Amino acid sequence: MLIGRSSGCHLVLDDGLVSRRHAQIVVTQDRVIVEDFGSANGVFVNGRRVAGSQPLKSGDELTVGKQVFVVRSVSRAPVMKPSERFTAETLHGLHVAPDLMAGRAEPLPADPLDRTVDTKSDMRLPLEAEATHREEALELLGGVADKVLAMGRGEEAERMLSIALNNVLTEVKRGREPAPRVVGRAATYAGKLAEATSRGKWLDYTIELYAALRRPLPIEFVDQMYAVLRRVDSVNLPALRAYLSILHAQALTYGPNERFAIQRLEGFERLAALK
């Protein structure tokens, strides 16, 4: 997990005391290490400056620039079989201390969403790679993503959230439905990314997510799609129409609110066809 002011880092800190590539956190099966990249203002653990690298334990306070983080452990869930593991982008050029790799049967996870550090402002970077924790990753990263979006950095937010969003969709397609709050948060952030990046693929994501659930979109998400439609490049009309077909086939099972949401979605489809 790379930390710094550069947009290429996984945790981007908008802080004049933070170097472009300030530090990294490396997590193995049995320990967590913070490594200072020779930054001008240093890294502090419990008020003491780190010389090179230092192990961390649960409860330690980690200070980078003006930002104070608290290391938190997350209880281990049953380990997934290799065939069930998620894919993620490799962190090219990531330096890992040689002693960390000694005796390991498999490489360190490249996905920053495999591990977590909790901050005093509720920013977290996950500590486990199991599916339940990957669902939680979206909630844990939400505070950071909102700050990045508020600064107008849509592409940074997209890089930060895309893996977590795609993993929620993967879970749904595998028949492992996440908690309703996770699904709702995924749709919310997909809409925010569509607005921030002008990429219609995030509206397509919301449609695909609820099509996999075989449920009508809540009206607030339909309204969100209307609000950003004029800003996005395109919408996947075949996928949208296929989703509407699923909803029409189940129409008799829906209540008034759901039927109204479907009518709004039909209007959205007509507007999208005019783009």
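**View 1. Alternating side chains along strand S8 (residues 61-64).** Leu 62 and Val 64 point to one face and are buried (under 20% relative accessible area, with exposed over 50% and partly exposed in between; 1.4 Å probe, protein chains only), whereas Glu 61 and Thr 63 point to the other face and are not buried. Helices (H or I, at least four residues) and strands (E, at least two) are DSSP runs, numbered from the N terminus. The model is predicted: local features need pLDDT of at least 70, side-chain atom pairs count only at pLDDT 80 or more, and totals for chains, interfaces and linings use all residues. Residues are numbered from 1 along each chain as its sequence is written, and side-chain values use heavy atoms, with hydrogens and water left out.

**View 2. Strand partners of S8.** Strands pair if DSSP finds at least two bridges between them. Strand S5 (residues 43-45) pairs with S8 in the antiparallel sense over three bridges, and Val 45 stands opposite Leu 62. Strand S9 (residues 67-70) also pairs with S8 in the antiparallel sense, over four bridges; here Val 68 is the bridge partner of Thr 63.

**View 3. The hairpin of S8 and S9.** Two residues lie between the strands. Gly 65, in the turn, has a positive phi of about 60°.

**View 4. Helix H5 (residues 201-213) and the helices packed against it.** H5 has 13 residues and reaches 18 Å from its first C-alpha to its last, close to the expected 18 Å (1.5 Å times one less than the number of residues). Its buried residues include Trp 202, Tyr 205 and Leu 209. The buried residues of H5 pack against helices H3 (154-173), H4 (180-197), H6 (219-229), H7 (237-249) and H8 (256-273), contact being heavy atoms within 4.5 Å. Just after H5, Arg 214 takes a positive phi of about 60°.
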